[in-house]
Amino acid sequence: MSGSNSAFETLAVRVGVARSQFQEHGEAMYLTSSFVFDDAAQAAQRFSGEDEGMVYSRYTNPTVQMLETRLAALEGAECCVATASGMSAILGVVMSLMQAGEHVVASRSLFGATVQLFNGVLKRFGIETTFVEPTRPEQWLSAVRPNTRLLFVETPSNPLTELVDIAELSAIARQSGALLVVDNCFCTPALQRPLEHGADIIVHSATKYLDGQGRVLGGAVLGRKEVIQAPMTSFLRSAGPTLSPFNAWVILKGLETLKLRMQAHSKSALDVARWLEQHPRVTRVYYPGLASHPQHDLAKRQQSTGGGIVSFEVDGGRDEAWKVIDATQMISITANLGDAKSTITHPASTTHGRLSPEVRESAGITEGLVRISVGLEAAEDITADLELGLSSI
Ligand SMILES: *Cc1c(COP(=O)(O)O)cnc(C)c1O
């Protein structure tokens, strides 16, 4: 195992390897639901937590722990608890740190299912959420109440790539006695490390770039040990949205190439964004790496590159956006992102389709908006495919 002073690339390959007695070189996949004890006394000690060894894969598994150790090192976090999906990571933060009657202030520019979770499911259990304009600090401040436990944000946001100044928001969280949670899905620790800017908790959908090849679902919660470890482990132990060791292994191996992939995604995304910006059928391009992005300076301070997600507005509405999508031949029509394969989607009728038209409109998700997750194909093949789409309208 490499020391925590090592570079990101080294940690991504070396940290967290726990070898068995066979001294395997590749990380082992422990597909087992339970673990055997030497005797009844050891079983009792494992169950009570006096002995920290493995018990049952709902809350302890060596492959899952290898992933947790490695991802914690990459985010610079004391502690990481992996979960079955990104959504169960977000649910876990709320279930393990909040009570009925408490309050969340959240960005109104969040992943669609996250809005549904706060606005629908959690509301029924007595947790209220106020949604604010993410880039307006005064709205966060005035929404905070004495019972506010969490501020919740994605930066850059999906699909409009709006940025939030994490350091500024963390000052508001501290002043309010709340914890700042950042969904770091779009950047991953290869491009942005929110804890260094003052965030308290990071959530991940490992389904996206951490796996990076569209194979499995997974999630994670990271932060200080005293905030995360006992509450999240207890949540997994009693509620069960656990990451499978198979999925953990896939994501663990994905981390080894994370930085290389994020650099390649970012480089192609910038090429594609620049190409779109000069296209006559495109009225607006959203990408933090473009000088025309309203928060380009913040992007340069807070992230190392612009990331792989580019959104743009076609000249027209839903009909034109759908035409562009349907006329592409290579890019996959799917709502997933963070895959080696480029994907294209119409947020207003898919990922954000369950939101009311008013909520969608206020979030800036227009009918002409198209989102691409720029994959690892050559940028010129991606733009050639987009040209097929754009020249069809
Ligand atoms: C996909 C996604 C999630 C949810 O993750 P799952 O692994 O699909 O449950 C949460 N936040 C963001 C920003 C996402 O893109």
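These questions and answers deal with strand β4 and some salt bridges in a predicted model.

Visitor: How many of the residues of strand β4 are buried?

Guide: Strand β4 covers residues 148-154 and has seven residues. Buried here means under 20% relative accessible area. The strand is mostly covered, and the number of its residues that are buried is six.

Visitor: In which sense do β2 and β4 pair?

Guide: Strand β2 is made of residues 103-107, and four bridges connect this strand with β4. One position to look at is His 103, which has Thr 148 of β4 opposite. The sense of the pairing between β2 and β4 is parallel.

Visitor: Which residue in β5 stands opposite Glu 154?

Guide: Strand β5 takes in residues 179-183. β4 and β5 run parallel and are joined by five bridges. Opposite Glu 154, in β5, stands Asp 183.

Visitor: What is the handedness of the β-α-β unit that contains β4, α7 and β5?

Guide: Helix α7, residues 166-176, belongs to this unit together with the strands β4 and β5. The two strands run parallel. The β-α-β unit is right-handed.

Visitor: Which residue forms a salt bridge with Arg 136?

Guide: Side chains of opposite charge can pair when their charged atoms come close. The structure holds 18 salt bridges. Arg 136 is partly exposed at 38% relative accessible area, and its partner is also partly exposed, at 43%. The N to O distance is 2.7 Å, and the partner is Glu 138.

Visitor: How many residues apart in sequence are the parts tied together by Glu 367 and Arg 318?

Guide: The side chains of Glu 367 and Arg 318 meet in a salt bridge of 2.6 Å, N to O. Glu 367 lies in the loop between α14 and β12, while Arg 318 is in helix α13, so the pair ties together parts whose separation in sequence is 49 residues.

Visitor: Is Arg 360, which forms a salt bridge with Glu 367, buried or exposed?

Guide: The closest N and O atoms of Arg 360 and Glu 367 are 3.9 Å apart, and a salt bridge needs them within 4 Å. Glu 367 is partly exposed, at 28% relative accessibility. For Arg 360 the relative accessible area is 9%. The cut-off is under 20%, so Arg 360 counts as buried.

Visitor: Which residues are linked with Glu 27 in a network of salt bridges?

Guide: A salt bridge joins a side-chain nitrogen of Lys or Arg to a carboxyl oxygen of Asp or Glu. The network that includes Glu 27 links this residue with Arg 70, Lys 253 and Glu 256.

How values were computed. Residues numbered from 1 in each chain as written. Predicted model: local features only at pLDDT ≥ 70, side-chain atom pairs only at ≥ 80, totals over all residues. Heavy atoms only, no water. Buried < 20%, exposed > 50% of the residue type's maximum accessible area, 1.4 Å probe, protein only. Pairing = 2+ DSSP bridges. Right-handed = clockwise from strand over helix to strand, strands pointing away.
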